[in-house]
Amino acid sequence: MVFSTTSFLFVFLPLFLLCYAVLPWRNLTALIFSLLFFAWGEGAYVLLLLATIGFNYWVGQRLEGSAYRSRFLILGVTLNILVLAYYKYFGFLIASVLEIPVPEQMIPHLPLGISFFIFQSISYLLDVYRRDSPKARSYFDLALYIAMFPQLIAGPIVRYSTVAEALRHRKISSYDVYRGITLFVLGLSYKVLIANNAAEVADMTFSLARGQLSTANAWVGISAYTLQIFFDFAGYSLMAIGIGRIMGFHFPKNFDFPYQSRSITEFWRRWHISLSSWFRDYLYIPLGGNRHGKLRTYANLFTVFLLCGLWHGAAWTFVLWGVFHGSILALERAGLGRVLRGLPRALQHAYALLLVMIGWVIFRAETVAQGSYYLKAMFSSVPARGIGFERLVSAENLFFMLLGCLFSLPVLEGTRMFRNAEDLAAGNTTNSVGVRAGVGASVSVSNTWVWLRAVLGGLVTIALFGLCAVYIMSGTYNPFIYFRF
Amino acid sequence: MSQKQQRDITRGIHHDGTGGADSAADSDAVGLRAGPKLMIVLLALGLFLPAFAGFFTNHKARQNWEKRELAALPNVLQASSSKVFFTELEAFIDDHMGFATPLNQAYRKLQFYVFGDSPVANVSVGDEGFVFLNSHSVSRPHTAISKLCLRNASQISKTAKAMDTFASIIDRQGATMTYAVVPSKPLLYPDRLPYTTPARFREACLSIDPLQSAAGQLRERAQGADYRVYFPFSELAAMRDEPAFYPPENFHSASRINHEFARGLLHELDIDVGRAYSKDAYLGVIRADMDLLGFRRDADAWIYPYADYETVFSHREPSWVVRHYPRARDFGTFVSANPASTRSALLLSNSFGKYVAPHLAPGFKSLHHINLNALRKTEAEAFLRQVLAQIQPDDVIYLVHDGGIPSAQLYMLTESDVLGVAE
């Protein structure tokens, strides 16, 4: 089930919210709905999810105070990786790496979100081992943490320590609900309005045969994909954060306007923050980070990003993408970064964006060969052959893609309501609506502007949601590109 | 402090929502006061509104509008797997959601009016709102235009042969055969074709001499034959920019083009309609025929009352057509009390016939119109035999638009064995 579908928006989510608000057992309600959400898309694989949770709970209990805690850690992490490797990489290993022909039925099905929930499980075990986080107080706590549907299939990857206390003790204020709704609607708009329109252009361009892909078309297509992947993923993250907020959880921000980066190093501080910090904390730093000399640092960066690429998918294109980014990071660390900092800002931005777009060509291509000829089309002069701009990009596509270019920059960060950044917690500002006494409390005249802004923001939210509903109901093109993770 | 409160404190539950609880399922672990609770409930109710409305929506109307079967509610006991069940359940929910049709129409209007894009895959929107109907083929969506503007000699000769054959069938019945071809938008308005049409097709349509098109060629070939081919391209093209001549919103010809086309055709058949033919014409509004845009549009059009001819239209007459051709649509009989001639006519056509027939009717004592689009090969012979036996027309007019050449229905009729039976 994808968030931007009628089944989720108009059946599952309202039923969940109603039960969550009205029934006395909120954590149990959240867990049941989360398992139902998973089972909806994956059927019996919900048992795999429950089994991994059970196993990680069992291991986690033995990571505190046990004499063999390091051995249990190794067991736990290894088995988690093996589960991920089997379901995600077995087919790739056998068919692509070893080139052994294998029947389709022997390749295991890839359960939804397995990359995310396995990584969350590993982070739980490591945090408990390092004593950065307490062990789960019950199986249900851990189950809710891992299986919670807002972030189950596409993140953000949440650390157990972030939610451990909230699992047992959280308050939900009117502001939380208000903010959650606006974040959810903003994320939905990103996905349905911008990402889906960009996707039409990107998919059409990437489906063009070799002889039909002109230089102009290639640049149009990769520009569209650059927008699609950001708004798709950032939109989904915002929706997850929004629902989590309504439930009383404060999930961390996952994207920080990555396309305004001035280097690839900066890009990875802004893109999929929960994943990059996971790799930093659980792989890069344990490998030694930058503490063992330059060569070792470059090797660590390379290794981390090779695995990061592999995490994204079991295909050579993802491996290449990871290697591409790892290499550039190493180069920037080796001195390129210093050179870049001496350049005008505009050039730095252009450099970063160009390399990111080249990376997205590799990421998006179905095969290495396709990526290769696509890049060739971008950087050589191939004339158009019958596929004009008007056929590739409709006025509607163009409109939303231009909006996407605008909103890929932090234009909304100045607004209280629609900013992506961590907002001030309720109670830290005397001007926040509904902080003390709930919505509808009498306010002084000096807060009139606050109320007006809130009402205006509410109207904008409703209008955006209405527009998204129009698009969703019309059955428009609605792929979710991170679905395979 | 009440006894309940004392017990709760012992259990670690504090009524201000701050106490930790032993059980993860315990509600008081989550502090949710009345205000936010009400907000969440209202949010849930608001989100559920479309699903709730689905219980009161006429889904049959949606089925008819979208011309497809809606997904049925899956039987959980018969599902081969839970994944299949949930997939079918999602399809059912999608198809039975309330407000779907109005929201769908709103989306298509947004595409059309705000963005100027075509809301459906096989309709192109050109300059000044001209709509062009393309093919349904995903791989070759512009064949409706390309076949008009790119010559195909083999199809022209095959069509000519079929026309000869059918004409001889009609001739043996003692009737006059006329093939009438209505020029359509790509040939009349090639400069309005959208830029989404591939450049080579646009250029072909702009540069083709319409008299060299399939219809023009067939007209040329018919010189000296026992039948005529009526394709008045030049005359109509000269009028194309007059107000409401051919409504841009329509795929089918409508308004003045049909009036002038029919007048010219009747003149070809030596029928003088007189001055009453254009009497009391006025500029009105019709409903555009492109319902497949997902919403209905109105178009400015000339309305011709033809009052002096006292024509009465009987829909779905003669009734025997249904017996031999059950899926026939747009068929009927026009009977004029004061016609321009005492002849009877049989109009066999594609969908364009529905729009031209009312303009032809004043020229005949009776005009029977049958849309052949749904005719099947297995029905063709019996149908044609009945038509010729029952109606015994003075004139047979086979009418298509220029994009309707070649006509599969014409081939069907010529392949039937009516020739043998007639003899």
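Q: In this predicted model, how far apart are the end C-alpha atoms of helix α14 (residues 316-341) of chain A?
A: Helix α14 of chain A has 26 residues. At 1.5 Å a residue, a straight helix would reach 38 Å. The actual span falls short of that: the end C-alpha atoms are only 33 Å apart.

Q: On which residue is the kink in α14(A) centred?
A: The helix, residues 316-341 of chain A, does not reach the span of a straight helix. It has a kink of about 70°. The centre of that kink is A:R333.

Q: Which cysteines does the disulfide join?
A: The count over all chains comes to one disulfide. Its S to S distance is 1.9 Å, within the 2.5 Å cut-off. The pair is B:C149 and B:C205.

Q: How many residues apart are B:C149 and B:C205?
A: The disulfide joins B:C149 to B:C205. The pair links distant parts of the chain. B:C149 sits in helix α6 (residues 143-149) of chain B, and B:C205 in helix α9 (residues 199-207) of chain B. They are 56 residues apart.

Q: Is the disulfide of B:C149 and B:C205 right-handed or left-handed?
A: The torsion about the S-S bond decides this. For B:C149 and B:C205 it is about 95°, so the disulfide is right-handed.

Q: Is B:C205 buried or exposed?
A: Buried means under 20% relative accessible area. The partner, B:C149, is at 6% and counts as buried. B:C205 is at 2% relative accessibility, so B:C205 counts as buried.

Q: Why is A:C468 too far for a bond with A:C405?
A: A:C468 is buried, at 0% relative accessibility. The closest cysteine sulfur to that of A:C468 is in A:C405. A disulfide needs sulfur atoms within 2.5 Å. Here the distance is too far for a bond, because it is 19 Å.

Q: Where is A:P156, which a cis peptide bond joins to A:G155?
A: The bond between A:G155 and A:P156 is cis, with omega about 5°. A:P156 lies in the loop between α7 (149-152) and α8 (160-168) of chain A.

Q: What is omega for the peptide bond from B:I405 to B:P406?
A: B:P406 is in the loop between β12 (395-401) and α16 (408-415) of chain B. The peptide bond from B:I405 is cis. Its omega is near 0°.

Q: Is B:D270 buried or exposed?
A: B:D270 has a positive phi, near 60°, in a residue other than glycine. It is found in the loop between α12 (256-268) and β6 (282-287) of chain B. Its relative accessible area is 65%, over the 50% cut-off, so B:D270 is exposed.

Technical notes. Residues are numbered from 1 along each chain as its sequence is written. Chains are lettered from A and ligands numbered from 1 in the order in which they are written. This is a predicted model: local features need pLDDT of at least 70, side-chain atom pairs count only at pLDDT 80 or more; totals for chains, interfaces and linings use all residues. Side-chain values use heavy atoms; hydrogens and water are left out. Helices (H or I, at least four residues) and strands (E, at least two) are DSSP runs, numbered from the N terminus. Buried means under 20% relative accessible area, exposed over 50%, partly exposed in between (1.4 Å probe, protein chains only). The expected span of a helix is 1.5 Å times one less than its number of residues. The bend at a residue is the angle between axes fitted to the seven residues ending there and the seven starting there.
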